[in-house]
Amino acid sequence: MPATSKERYQWGALIAALTLLLVLSKLEVLALHAFPEALSKGFTFAEWVNAVEDWLREHYRWLTRGISEGLAVALKAAERFLLGLPWVVVTLGIALLALRFGGLRLALFSVVAVLFWGVVDMWKPAMETLGLIGISVFISVVIGVLVGVACSQSNLMWSIVRPVLDTMQTMPTFVYLIPAIFFFGIGDPPAVAATVIYALPPAVRLTNLGIRQVSVETVEAARAFGSTTVQTLLKVQLPLAMPSIMMGVNQTVMMGLGMVVIATFIGAGGLGYEVWGALRRIKVGWALEGGLCIVFMAILFDRLGYAISQAREGRAASRFRLLPERWEHQPLARGVEHAIGVVYALCAALSRGLTLVVASAAERVARLVAGDDGARGLRELVTRHAFLLTSLVLLVALVVIDRYLLSFGAFPEAWEYSMRKPVDRALNELKVNEGFYAFTTFIRAAVFLWILDPLADLLAWLPWWYFTGIVALVAWISAGRTVALVSIACLLFIGAVDLWSVSMFTLATILASVLICMLIGLPIGILAACSDWVESIVRPILDAMQTLPPFVYLVPVLMFFGGNVVSAVIATVIYAVPPLIRLTNLGIREVSAQSIEAASSFGSTFMQTMTKVKLPLALPSIMMGVNQAVIFAVAMTVITPLIGGAGLGQEVFTALSVIDTGKGFEAGLAIVFIAVVLDRITQAWSRRRQQALGLES
Amino acid sequence: MNCSTLIRRLGLATAALALSLFAGSGVADSKGLIKFHEADWTGNLINGKIVEILLTEHLDYEVEYVFLPAGPAAWEAIVAGDIDVAFEFWPTYSPERHQYIAEYGGDGSVEYFGETGLVGKSGWYVPRYMLEGDESRGIEATAPDLESWEQLNKYKDLFATPETAPKGRLLACPIPAWQAGDELRVEKLGLDFHPVVLGTEVAQFAELEAAYTRGEPLLVYMWEPHWTHALYDLVKLRLPEYTDECFDAEAGWVQPCDWPDELPYNFGSATLKDRHPDVHTVVRSFSIDNEQQTAMVYEVDVNERDVEEVVREWMAANEDVWRAWLPM
C-alpha cells in the first residue's frame with residue numbers, strides 16, 4: 001500500500017475511533033464497564049498456578065531442597081574463605097588481576113574500589129555479596145553456556161528457549177521470589193536460585209549468538225578436514241565464540257549485581273541487606289554507603305570483565321601507563337611515567353628471577369617422577385606464567401605471614417570514614433528548608449493534578465473493550481496484524497484475571513512517567529548533542545544513575561516528596577530517563593555531516609537545522625530511547641510500591657507478603673504483558689521512521 | 001606419566017594445601033546451632049539479641065540469624081527447618097493467619113511458644129499540636145475539640161491533600177496484607193475521607209515525619225509499641241468500642257469499631273523441644289513488656305546506638321528478670 005493512502009487510512013481510523021468515543025460518552029447504554037464476570041469467573045489462573053506449585057512441591061521438593069543444601073555448603077565455604085582472607089590479600093589479589101589484564105590504571109581503580117568497602121565499614125557484607133554473586137555467576141555461566149551451545153545447534157531448540165528467556169527477563173523478579181522460598185527455603189540458597197534465573201539469559205543468548213556467528217566457511221573447512229560435530233564445536237566454534245561468551249559472562253555479573261538488594265527479601269545477607277535496612281529506617285547516608293559499595297563492585301567487575309574479554313586480542317600498547325597520553329609533552333608527566341617504568345622493570349626482573357628459581361626446582365622434582373619430557377614441559381609452563389606464579393607466591397606468602405607471623409588484623413579503624421552523618425545532616429536541612437519544600441510541593445501537585453490524575457481518570461473511564469479496541473487498532477496500524485492479536489490476547493488476560501482497573505492505574509503511572517521523561521530527557525539530550533561541554537557533565541551523572549541500585553534514591557525521594565503515587569512517578573523518572581537522554585544525544589550526533597552541510601549551504605539557521613534536519617533524522621534513535629524509557633518504567637513498577645506506588649506492583653508485593661504464588665504470577669504476568677504491548681508498539685514506531693528515512697532496508 | 005597429568009596432580013595438591021590453610025577457622029565446640037528469624041523491625045532484633053546472649057553465654061549455644069522480612073513465609077521456613085525460633089510475630093487481622101495457624105499449628109509442624117508480653121494497640125492518630133498547639137514551634141491548635149471519629153468530618157478540609165480533595169486524607173494501614181479494615185470504617189462511619197494505602201511502613205513513617213516536622217495536620221493509622229511515639233506526640237482518636245461482633249475470624253472486619261489489643265507471639269520449630277530442651281525452656285519463658293522494649297527501641301532507633309550495647313545495659317540492670325528464664 002502506498003504511503004499516502006496508508007496515511008489517509010490511518011487518519012480515517014483515528015477519527016472514526018474518536019467519534020465512537022464521543023458517542024460512547026453520550027450514550028451510557030453501551031458502557032459495558034465491568035469485564036464480563038463469566039470470563040473472569042472461569043479463568044482462575046491463580047488457583048491453577050498454585051495447584052501446579054503444590055503438585056511440584058509435593059513431588060519434587062526433595063530435589064530442590066537437596067540442591068539448596070549443596071548450595072548452602074558451597075556458599076558457607078566461599079564466605080568463610082573470603083572472610084578468612086586478610087583484607088590486604090583480597091585487595092592485592094584483585095589489584096593483581098586488574099594489573100594483568102587491564103594495566104596500571106585499572107589496578108589503581110580496583111584498589112580504590114576494594115578499599116572503599118573497608119573505609120565505609122562494609123567489608124563483611126561486601127565479602128558476603130562477593131561470594132553470593134561469585135557462585136550465582138558460576139552456575140549461570142555453566143548452565144548458560146550449555147544451553148547456549150544446545151540452542152546454537154538446533155533452530156527448534158532456540159525457538160523454544162527464546163520466549164522463555166524473554167519472560168525470564170521481563171517477569172518482575174519479586175514474582176519468582178515466592179516459589180524460590182517454597183522450593184529452596186530462605187536465606188542465601190534461594191537468593192542464588194533467583195539470581196541465576198535473572199542472570200542466566202545473557203549467557204545463553206550471547207553463547208548462542210557467538211557460535212552462530214562463526215562463519216560457515218570456517219565450519220565447512222573444519223568438517224572438510226574430517227572433524228566430527230563435537231570436535232568442530234570444541235576446537236573451532238567455541239574458541240571463536242569466546243569474545244561473545246565473555247561478553248555474556250560480563251552481563252551476567254551485572255545482572256547478578258542488580259539482584260543484590262532484591263534478594264534481601266528472601267533472606268540473603270550482604271550489601272543488599274545494608275541498603276534495605278537503611279531504607280527501612282529512612283537513613284539516606286547509610287543507604288548511600290551500601291549503594292556506592294555495590295556501584296564500585298559493579299564498575300570494577302564491568303571493567304575487569306571487559307579487559308579480560310579483550311585480553312585475547314591484545315591491548316593497544318600505550319606509552320603512558322598511568323597518566324593520560326595527551327600529557328606526553330609535559331616533562332613532569334614524562335618523569336613520572338619514567339619512574340613507573342623503572343619500577344615495572346624492577347618488578348619484572350624480580351618476578352623473572354623468582355620464576356626461574358621455581359621453574360628449575362620444579363623441573364628437578366618433576367624429573368624424579370615424570371622423566372625428562374614431563375619435566376621440560378613443566379618448566380616451560382611455569383616460565384610462561386611468570387606473572388601468575390609471582391602473584392600466587394606473593395599472596396600465599398602474605399596469608400602465611402598473616403597467619404603465623406604477624407596478623408594484619410581487621411581493616412584499620414583509623415582509615416574508616418562514615419559519610420552517614422554528614423549526608424543525613426545535609427538532607428535534613430534541605431527537608432525543612434521552606435523554599436525547597438515549596439518547590440517539592442509544587443512539583444508534587446503539578447505532576448498529580450496535571451499529568452497523573454487526568455491520565456488515570458481517562459483510563460479508568462474507558463470501557464475495557466473500547467480500550468482493547470483502540471490498542472489493537474494502534475498496534476495494527478503501526479506494527480501489523482500479529483502484534484495486534486498479541487495485544488488483544490494480553491489485554492484479555494489482564495481482564496480475565498480481574499486486574500483490569502489496577503492495570504489501568506499502573507499504565508497511567510507508566511505513561512505519566514514516560515511523558516515526564518520526555519519533557520526532561522529530550523531537552524537535555526539535545527543540549528548534550530549540541531555541546532561537548534554539556535555532554536561531559538551529563539555522561540558521568542548518567543553512568544552513576546544507571547549503576548546505582550534504585551533502592552538508594554528511593555529514600556531521598558521519599559523524604560522530599562513523601563510516600564505517595566507521585567513519589568513513585570518521580571523515582572521511575574530518575575530510573576528511566578538516562579537511556580532516553582543517551583539515545584537522543586547519540587541520535588542527533590550521528591546525523592551525517594553531509595546532511596547538516598547541505599542544510600547550512602541552503603542557508604538554514606541553527607534552529608532550522610535542528611528542527612528540520614537533525615531532529616527528524618534522529619527520530620528513530622529518539623524513539624528507541626522512548627522505548628527504553630517505557631521498558632525501564634515498567635520494570636520500576638515493582639519497586640515503587642516501597643514508597644507509595646500503587647497498582648500491579650503493589651499486588652505483587654502483597655502476594656509476596658502472604659506468599660501466594662498464583663496471585664503474584666497473575667500480577668507479574670499482567671506487568672509482562674503491558675511491557676510486551678508497549679514495547680512492540682514503540683519499537684514498531686521507531687522501525688517505521690527508520691524505513692521512512694531509508695536508514696534501514 | 002605425561003606432563004598434563006602431572007600438572008593436574010600438582011594442582012590438586014596445591015588446592016588441598018590451600019584448603020587446609022583456610023579451613024582452619026572452624027566452628028568452636030558448642031551444643032548446637034540455633035537459627036533465629038531476623039525480621040526488619042527493631043523490637044524483633046532486641047528480643048533476639050537478649051535470647052542470643054542467654055543462649056551463647058549461659059548455655060553454650062551458637063546462634064545464627066536468618067533474615068526474612070516479615071510475613072507468612074516464616075511459617076514455611078520453620079517447617080522446612082530453616083528457622084528454629086521466630087520472635088514477636090504480630091497476629092494482624094488477616095483471615096489468612098487463621099488459615100496458617102490451622103494448617104501449620106494444627107498439624108503440629110510449628111509450635112506456638114506463647115505471647116511476647118507486649119500488648120499491641122492499633123488506632124487512628126493525630127498529632128497533639130492539632131489539639132493543643134505547640135508554643136515552642138509556633139503552631140496553633142487547629143482542631144481543639146477533635147477527640148473522636150465524630151468530629152472528623154468537621155475538620156476534613158484540614159486533612160485534604162491535592163490527591164484526595166475535597167475529601168480528607170487518612171493514611172490507612174500501609175500493609176494491605178494485614179487487612180486492618182480502614183476502608184470499611186471510613187465507609188460505615190460515613191466519613192468524608194479517602195483512605196490512602198502507601199504499601200510500606202517506610203512510606204508511612206516518611207509521611208508522618210514530614211508532616212510532623214512541618215507542623216501539618218495528619219490523620220494516620222499507627223500502632224503501639226512503636227518508636228515513632230517516642231519522637232512524635234500523637235493522640236489516638238476514639239472509635240466505637242470493640243465487641244466480639246465487630247470482627248469475624250473468617251470474613252475479617254464486619255463493624256466499624258476500634259481495634260482490639262493484639263498480642264504478638266513467639267513461635268518456632270516443633271522439634272526444638274526434643275532437640276534442645278534448654279533452649280525451648282528459655283524461649284518459652286522469655287517475656288518483655290511495652291515499656292521495657294520501647295525504651296530500648298528508642299535508644300537504638302532514635303539515638304542510633306548499637307543493639308547489643310543497649311541490650312547489655314538492660315540485662316545488667318534486670319538480671320533477676322532474665323535469670324528466671326534460664327533452665328534450673
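In the next few minutes I will go through the contact between the two chains, then a disulfide, and finally one helix of chain B.

Please keep in mind throughout that what we have in front of us is a predicted model.

Let me start with the place where chain A and chain B meet. The contact takes 57 residues from chain A and 51 residues from chain B, and the area buried between the two chains comes to about 4600 Å², with 59% of that area given by carbon and sulfur atoms. If you look at the side of chain A, the residues that lose the most area to chain B are A:Ile186, A:Arg280 and A:Arg281, which together make up 15% of what that side buries.

Turning to the charged and polar pairs, there are 4 salt bridges between chain A and chain B, and one of them joins B:Glu207 to A:Arg444, where the closest N and O atoms are 3.7 Å apart. Between the two chains we also count 8 residue pairs in polar contact, with both residues at pLDDT 80 or more. As for which element of chain A supplies the largest share of the side that touches chain B, that is helix H13, residues 331–384, with 7 residues.

Now to the cysteines. How many disulfides does a search of the whole structure find? Over all chains the search finds 1, and the disulfide is formed by B:Cys246 and B:Cys257, whose sulfur atoms are 1.8 Å apart. The link is left-handed, with -80° about the S-S bond. B:Cys246 sits in the loop between strands E9 and E10 of chain B, while B:Cys257 sits in the loop between strands E11 and E12, so the pair ties together parts that are 11 residues apart in sequence.

Are these two cysteines buried or exposed? B:Cys246 is buried, because its relative accessible area is 2%, and B:Cys257 likewise counts as buried, at 4% relative accessibility. In chain A, A:Cys490 counts as buried at 7%, whereas A:Cys347, at 46% relative accessibility, counts as partly exposed.

Last, I would like to look at helix H2 of chain B, which runs over residues 42–58. At 1.5 Å a residue its 17 residues should span 24 Å, and the C-alpha atoms at its ends are indeed 24 Å apart, so the expected and computed spans agree. This helix is mostly covered, in that 14 of its 17 residues are buried, and just after the helix we come to B:Asp60, which takes a positive phi of about 70°.

Terms used:
Residues are numbered from 1 along each chain as its sequence is written. Chains are lettered from A and ligands numbered from 1 in the order in which they are written. This is a predicted model: local features need pLDDT of at least 70, side-chain atom pairs count only at pLDDT 80 or more; totals for chains, interfaces and linings use all residues. Side-chain values use heavy atoms; hydrogens and water are left out. A disulfide is a pair of cysteine sulfur atoms within 2.5 Å. Helices (H or I, at least four residues) and strands (E, at least two) are DSSP runs, numbered from the N terminus. Buried means under 20% relative accessible area, exposed over 50%, partly exposed in between (1.4 Å probe, protein chains only). The expected span of a helix is 1.5 Å times one less than its number of residues. Contact means heavy atoms within 4.5 Å. Buried area is the accessible area (1.4 Å probe) that two parts lose on being put together, summed over both. A salt bridge is a side-chain nitrogen of Lys or Arg within 4 Å of a carboxyl oxygen of Asp or Glu. A polar contact is a pair of N or O atoms within 3.5 Å; within protein, one must be able to donate a hydrogen and the other to accept it, and residues adjacent in sequence count only if both atoms are side-chain atoms.
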